Amino acid sequence: MGRQSVADSRRDGVFSHYDHGPFFCEMFGRRGLSHTRLIRRRLDELDIPTLRRRARDAARELFNLGITFTVYSEREAIDRILPFDLIPRVLSKADWATIESGVQQRVTAINLFLHDVYHGEKIIRDKVVPEELVKGNANYRPEMRNVDPPHGTYVHICGTDIVRDETGRFRVLEDNARTPSGVSYVIENRHLMMRAFADLANGIPIADVDQYGSQLARTMADVAPVGVDQPTIALLSPGVFNSAYFEHVFLAREMGAVLVEGQDLVVIDDHVFMKTTGGLEAVHVIYRRIDDDFLDPKVFRADSLLGVPGLFEAYRKGHVTLANAIGTGVADDKAIYAYMPRIIRYYLDQEPIIANVDTHICREAEGLAYTLDNLASLVTKPVGESGGYGVVVGPAASRRELADLRAKLRRKPENFISQPVVQLSVSPTFTGRAVEPRHVDLRPFALTGRKTWVLPGGLSRVAMRRGSLIVNSSQGGGSKDTWVLA
């Protein structure tokens, strides 16, 4: 048992056998965290049967409310609830101040970078970021050259994946600047937590998350086309078979927007209209949850049945705003990620508030050589994937997996980056039989219209398997409520 857990736990409480080992613990820290003392004491007054009963009630409620996501395999699509852990992850006011300012800084730099690469390309000419990394990127959209979104905002909704290392320092693991998902779980987790565990939160000043929907609507209104004071906002979904459809319904309801699919919209004279029983109604802002490729078959993939013919031209002429803008994927590519510290210094003349995880770019000879020499000790990631797919954690990989990866690296090194294994922090998690440490990350959500606002908290994802570092829901991960103390 870790020293601090012994000191802080009653022998018969839920932390009696909790041992966070060498990892930084979000509840206990390394030497004790004063801001979690009361929460620890209340939890430790419970016993395992009580936790089990409350966890069972929470899981049943998730099913009853239809809070699910879809996992697709080669053979089938399965609706699952996102496993929910009752023990919250708690952030101090000081922790949150670092995260909030770090995310705001990063989003500002990303928007400046996107404006630059689609206009003057100064950062390329100054050789801060290689031209081939931008223009050779599959997510770079030449159609966006000289298109000016309102307020210069390209990334209206951003999810930044942050981890805490073994020393307790925060580090950015990944930027999600296209269509980041998961915020609905942040809000539903809080509702569920307050129903299942109101006594744990009693009297503790926890920052509210319920304002996300209204803040999102305000952000969409901020970026409405010029001259539109009361915009009609629509959320464009691929439809009911999309893995995140629950979230699309949830967000449309939360911000008072209309949920539409491509077939519900039509473009006439470069203006977008929604088909209603009362006739056509103008649409001014579209929060789209469809990838660039499928937005407009006239400009992108001609075989797309999900998009709206003519949408890009309406967007280019400023008659409708798309959130996020087209072409933002070039900024959240895993290879560009490695340059983010330099991008922040270049545009803002500041040091990054939250550092990156060290990254080796395999398209560069030095990065490839290092990766091949140290494959068994690195985490290697394909640059074009998300959701944890294709990630190889060297220390946990078999010889055959490493051999396959080595062949792929030699064949297409530009498809990969590598990073050292970060010893992610852990958080006490109820396994059904005991409370044990599980690795976690955090995805705060930032909204940017005229300025950037960050939802206090974020999605704490949990690797439910002992020792696993993969927290993605599609790979078996779960989630926790995240409490930011005021």
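## A tour of two sheets, a pocket and two cysteines

Start by selecting strands E7, E6, E11 and E12: in that order they form an open sheet of 4 strands with parallel pairing. Strands here are DSSP runs of E with at least two residues, helices are runs of H or I with at least four, and both are numbered from the N terminus. Two strands pair if DSSP finds at least two bridges between them. Now look at the edges: E7 (258–260) and E12 (321–323) each have a single partner strand, so one side of each is left without a neighbour in the sheet. On average, neighbouring strands of this sheet are turned by 25° against each other, direction ignored; axes are lines fitted to C-alpha atoms, for helices over the stretch in contact, and angles run from 0 to 180 degrees between N-to-C directions.

Before moving on, note that this is a predicted model, where local features need pLDDT of at least 70 and side-chain atom pairs count only at pLDDT 80 or more, while totals for chains, interfaces and linings use all residues. Residues are numbered from 1 along each chain as its sequence is written, and side-chain values use heavy atoms, with hydrogens and water left out.

Stay with this sheet and zoom in on E6 (residues 233–236) and E11 (residues 285–288), which pair in the parallel sense over 4 bridges. Click Ala234 and its bridge partner in E11, Ile286.

Next, select E8, E9 and E10, an open sheet of 3 strands in that order, with antiparallel pairing. Strands E8 (265–268) and E10 (279–282) stand at the edges, each with a single partner strand, so one side of each has no neighbour in the sheet. The twist averages 40° from one strand to the next. E9 (residues 271–276) and E10 pair in the antiparallel sense over 4 bridges; pick Phe273 and you'll find its bridge partner, Ala282, in E10.

Now for the second largest pocket. Show Gly390, Val391, Val392, Val393 and Glu401, the closest to its centre of the 25 residues that line it. Then colour strand E16 (392–393) and helix H15 (399–411), each of which supplies at least two residues of the lining. H15 gives the most, with 5 residues.

Last stop: the cysteines. Cys158 is buried (under 20% relative accessible area; exposed is over 50%, partly exposed in between, with a 1.4 Å probe and protein chains only), at 1%. Cys362 is buried too, also with a relative accessible area of 1%. Disulfides (pairs of cysteine sulfur atoms within 2.5 Å) number 0 in the structure.

Technical notes. 1 Å grid on protein atoms, 1.4 Å probe; cavity = no way out; pocket = protein on both sides within 12 Å on 5 of 7 lines; lining within 4 Å.
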